[in-house]
Amino acid sequence: MKLSKCGVSVLFVMSIGVMSCRQAPLTLDQLVERNVKAVGGKAALEEVHSLRVDLHIVDPGFEVDGTYPAARPGRMRIDVSAGGRHVSTEALGEKGGWQWKGKGEPEATATATAALKHGVESPGHTFGLHELKQRGHRVELAGREKVGTINCYRLRVTFADGFSTMFYLDPESWLITRRRDVRALHPDVDPKPTTIESTMSDFRRVDGLLFPFLSKDTDLARGKTLETATVRSITLNPALDPDVFEKL
């Protein structure tokens, strides 16, 4: 079948139209920008200099309450209580990490220091996703992965010390809804690493920023729930004494 010049022109125009409808793949910078906008914007994120989170933690066999203050440039502390009694503390101060196990004197802990750093440096606390590079961490687009019915974008973050974790970005909400890495949940209790998936949900706005109020850690190899944390409240920019991260 021969096509007239007019017919060829129409087909050419149609093919150009189809090609234009195919969107170019999103770049890493575009994904980061969409996440930052969804969470609340650069300005609002960078105005968070400190925060305090009150939460309830459920592990197999026990339940505790926690208070988690954190501050720039990467300081944090979590005080754990059971039945109204203070039973433990983990903290990351200027000189490194330390812990108190309910009695005796606090002690330095090199093993937990790295884990505490990875937590407080991750987006969702005092830093936005767009700030990771300038803090010395590497962020890479690692393709997509379908989790359930959602074809998530995967962002690999390699922290300055070499530890790597994978964040999953929801293509509809543009929020980080899960994280996967190989680590020990409580390294000073059980140092054996396993592949842990942390899922984040129940996002709520606090002073214009979105935070997950529910998170669950699962051992993917065994399909076992390791820990569930429910946030009771989040306070942004509370006044914190710098010494709170340095001593009991």
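# Questions on a predicted model

User: Is W174 buried or exposed in this model?
Analyst: The relative accessible area of W174 is 15%. A residue is called buried under 20% relative accessible area, exposed over 50% and partly exposed in between, with a 1.4 Å probe and protein chains only as cover. W174 therefore counts as buried.

User: What kind of model is this, and from which number does the residue numbering start?
Analyst: The model is predicted, so local features need pLDDT of at least 70 and side-chain atom pairs count only at pLDDT 80 or more, while totals for chains, interfaces and linings use all residues. Side-chain values use heavy atoms, without hydrogens and water, and residues along each chain, as its sequence is written, are numbered from 1.

User: Where does W174 lie, and what is its phi?
Analyst: W174 is placed in the loop between β9 (164–169) and β10. Its phi is positive although the residue is not glycine. The value is near 65 degrees.

User: How many helices and strands does the chain have?
Analyst: Helices (H or I, at least four residues) and strands (E, at least two) are DSSP runs, numbered from the N terminus. By this rule the chain has 4 helices and 13 strands.

User: What percentage of the residues in the chain is buried?
Analyst: The chain has 248 residues. The buried portion of them is 41%.

User: Which residues of helix α2 are buried?
Analyst: Helix α2 covers residues 28–39 and has 12 residues. The side turned away from its buried residues carries the exposed D29, E33 and K37. The buried residues are L28, L31, V32, N35, V36, A38 and V39.

User: Why do the buried residues of α2 line one face of the helix?
Analyst: An α-helix has 3.6 residues a turn, so residues three or four places apart point the same way. The arc is taken from the directions that run from the helix axis to the C-beta atoms. Looking down the axis of α2, the buried residues line one face because they fall within an arc of 165 degrees.

User: What distance does α2 reach from its first C-alpha to its last?
Analyst: The expected span is 1.5 Å times one less than the number of residues. For α2 this gives 16 Å, and the computed reach is close to that, at 17 Å.

User: Which residue follows α2, with a positive phi?
Analyst: The phi of this residue is near 150 degrees. The residue is G40.

User: Which strands help to cover the buried residues of helix α4?
Analyst: Helix α4 spans residues 110–121. Its buried residues are A112, T113, L116, H118, V120 and E121. Their cover includes β2, β3, β4 (85–93), β5 (96–100) and β10.

User: Which residues does T177 contact, leaving aside neighbours within four places in sequence?
Analyst: T177 lies in strand β10 and is buried, at 16% relative accessible area. Contact means heavy atoms within 4.5 Å. The contacts of T177 are Y168, D170, S198, T199, M200 and F203.

User: What separates the C-alpha atoms of T177 and P212 in space?
Analyst: Along the chain, T177 and P212 are 35 residues apart. In space their C-alpha atoms are separated by 8.5 Å.

User: Which residues does T218 touch, not counting those up to four places away in sequence?
Analyst: T218 belongs to strand β12 (residues 209–219). T218 counts as buried because its relative accessibility is 14%. The residues touched are T195, I196, E197, G223, K224, T225 and L226.

User: Which residue is joined to R72 by a cis peptide bond?
Analyst: Omega of this bond is about 5 degrees. The partner is found in the loop between β2 (62–71) and β3 (75–82). R72 is joined to P73.

User: Is D207 buried or exposed?
Analyst: D207 has its place in the loop between β11 and β12. Its phi is positive, near 50 degrees, in a residue other than glycine. At 64% relative accessibility, D207 counts as exposed.

User: How are the rings of F159 and F163 arranged?
Analyst: Rings of Phe, Tyr and Trp (its six-membered ring) pair if their centres lie within 6.5 Å; planes under 30 degrees apart count as stacked, over 60 as edge-to-face and the rest as tilted. The structure holds 2 aromatic pairs. With centres 6.4 Å apart and planes at 25 degrees, the pair of F159 and F163 is stacked.
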